[in-house]
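Trainee: Could you take one part of this model and walk me through it closely? I'd like to see how its pieces sit against each other.

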Amino acid sequence: MTTVVPLNIENVDTDQIIPARFLKAVERKGFGDNLFRDWRYDKDGQPVAGFPLNEGKYKGEILVAAKNFGCGSSREHAAWAIFDYGFRVVVSSFFADIFKNNALNNGLLPIQVSEEFLQKIFAAVEADPAARFEVDLENQTFTICATGDKTGFDIDGYKKECLLNGYDDVDYLLSIKGEIEGFEQARR
Amino acid sequence: MGKTLFDKVWDAHVVRQLDGGRSVLYIDRHYIHEVTSPVAFLGLRNRGLKVARPAQTTATADHNVPTINQHLPVEDPQSRGQLESFARNCAENGIEHFGLGHPKQGVVHIVGPELGFTQPGMTIVCGDSHTSTHGAFGAVAFGIGTSEVEMVFASQCILQPKPRTMRITVDGKLGKGVTAKDVVLYIISKISASGGTGHFIEFAGEVIRSLSMEERMTVCNMSIECGARGGMIAPDQTTFDYVQGREHAPKGAEWDKAVEGWKKLYSDPDAKFDKEYTFDAADIEPMITYGTNPGMGMGITGTIPSDEGLSGSDKVSFDKALEYMGFKSGEKMIGKKVDYVFVGSCTNGRIEDLRQFAQAVKGRRKADNITAWIVPGSHMVENLAREEGLDKILAEAGFELRQPGCSACLAMNADKIPAGKYSVSTSNRNFEGRQGPGARTMLAGPLVAAAAAVTGQIADPREVFNL
């Protein structure tokens, strides 16, 4: 169970998530500092009051955004930035394809819910910023704890296993080492 | 329903089938070279791992090696660094490494089969698209990316969706002077450079059965040039005869047992392919490409097609290709001036190719306007050529046998065709700039290359050599 950070904006594109000028790094490090850079900070580098990430009352590992999240450029840095900031789940009523894949390949779970359910989440967190929510990846459900409202979500079976175990493809293959060795034995 | 050859080999290597269509595919043989492996080795090191099955991994330096003076230090510091780091990575992981100067060094897809590492029924991968070459033995062999190289290093497995199947049947009898390269260039010209996308091809029919192993390798090598994941041919007596006695081939009772299993590797009569094509050998003549992708090929006596009937981006790219080549629709290819001839690569760098070229030019002279690079695919090919006296035949005709490597096929080393110059090349890609910035490549088989080398222009080998 965790609280959420609401971002009730539609069509959040990857240029907003991480502006192009921050893509020059050659290592996959530090992108979280520049997540939503131009919404978070003004031109003098001062935090913009009212932006959800700057409001102390919103915290948590789940980012909830309005529909068509992650559209625009295919930059994987967008998923890296959201993950690096500390989010592990993004909830929206629609994700751009490329972003969705990039997220899954980087340990970030995109949960697509109905527009109606999304509005219930926004309503719950507006009523109580400390409202709690539950993500059950195993059973593929998302629950608003205060109301008990629950919804299911879809995920590719293999990617689910990777996320549940915090694996990438190499980690996954290493996790079935015993099975691979068994396969080798059986062929001898 | 029966199974295709591809299904039989693939299914026998699935360790686990995942939701969503991916398979965990077990890899029997992993070939590596100096260019696509360094980042995978780095990734492995960062995970604190070593290569899981070094004995199933074979390393050779090929893409980035010089093809003269291989006994001297490599001049280019970046190339030298890459070769040194490759040697170090292999040593640290206990992988047998055929570096520069090693008697077994050569182009990875030539070294594997000649040492008997490549065998029927295997799964074979390499960080190189022409890994499809090994399909000639009835192996499922395909090129992979660097992140996948890391997967194989770590686990000897790879995560892959299963491709669809395609059968290409070539029936009839090949005419005189028509080589395996002409067959595959013809096929690609018919189904286009993207006609095989998403598929794994099985080559079949009377013509394919009649090919030698080396010719079959030439055909499978080019499967990737029609976009296919790979190509394969059912193993038969020709295959077994080639493999038997090679260094890493099974021996004694093991051999008999292996052959027994290999004899089951064919497509069942009732097997269904997702796509089928049939071609007639009588329609195939010596081929030459006129454009900038391997699908832009034509019979050597023909005329360059026009953009009529093409529209949109197809027309734009066709016109752009002809402009790059300096050719016009309706022109004949025969008689066009040639500046360079390259014989070599994983497509046509084997002993039969060198024999074919040497026999053709024997007793003739290289045309004065031609610069020719004859590059054997491996030291074993080079040694065999010298043993057979091919080097002398070549020298008498004004040609020099160089040292093994990928050479002008991708021009990563110093063997670059200068801008604007015309090259008849036995390699596999005629992309813009592939053989050097601005270079104009015409793909062909060894006989068309020989005809160009002695006449200085595009010529029909059947006429030049009275075939």
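Mentor: Sure, here's a walk through chain B, from its domains down to one helix pair. Keep in mind that this is a predicted model. The domain assignment splits chain B into domain 1 (5-162 + 237-258), domain 2 (164-235 + 266-283) and domain 3 (287-464). Let's take domain 1 of chain B against domain 3 of chain B: their C-alpha centres are 28 Å apart. On the domain 1 side, 25 residues are in contact with 23 residues of domain 3. Between them these two domains bury about 1900 Å², with carbon and sulfur atoms giving 57% of that area. Within domain 1 of chain B, the residues that lose the most area to domain 3 are Thr67(B), Ile110(B) and His130(B), which together make up 31% of what that side buries.

Now for the helices. In chain B, α2 covers residues 38-46 and α5 covers residues 146-155; the two pack at an angle of about 50°, and their axes are 8 Å apart. That angle is neither under 35 degrees nor in the 65 to 115 range, so α2(B) and α5(B) count as oblique to each other. As for handedness, α2(B) and α5(B) make a right-handed crossing. Who touches whom? From α2(B) you have Val39(B), Ala40(B), Phe41(B), Gly43(B) and Leu44(B), and they meet Thr146(B), Val149(B), Glu150(B), Phe153(B) and Ala154(B) of α5(B). Sorted by type, the residues of this contact come out as seven nonpolar, two polar and one charged.

Conventions
Residues are numbered from 1 along each chain as its sequence is written. Chains are lettered from A and ligands numbered from 1 in the order in which they are written. This is a predicted model: local features need pLDDT of at least 70, side-chain atom pairs count only at pLDDT 80 or more; totals for chains, interfaces and linings use all residues. Side-chain values use heavy atoms; hydrogens and water are left out. Axes are lines fitted to C-alpha atoms, for helices over the stretch in contact, and angles run from 0 to 180 degrees between N-to-C directions. Helices (H or I, at least four residues) and strands (E, at least two) are DSSP runs, numbered from the N terminus. Angles under 35 degrees count as roughly parallel, over 145 as roughly antiparallel, 65 to 115 as roughly perpendicular and the rest as oblique. A crossing is left-handed if the near helix is turned anticlockwise from the far one by less than a right angle, and right-handed if clockwise. Contact means heavy atoms within 4.5 Å. Ala, Val, Leu, Ile, Met, Phe, Trp, Tyr, Cys and Pro count as nonpolar, Asp, Glu, Lys and Arg as charged, and the others, Gly among them, as polar. Domain bounds come from an automatic or database domain assignment. Buried area is the accessible area (1.4 Å probe) that two parts lose on being put together, summed over both.
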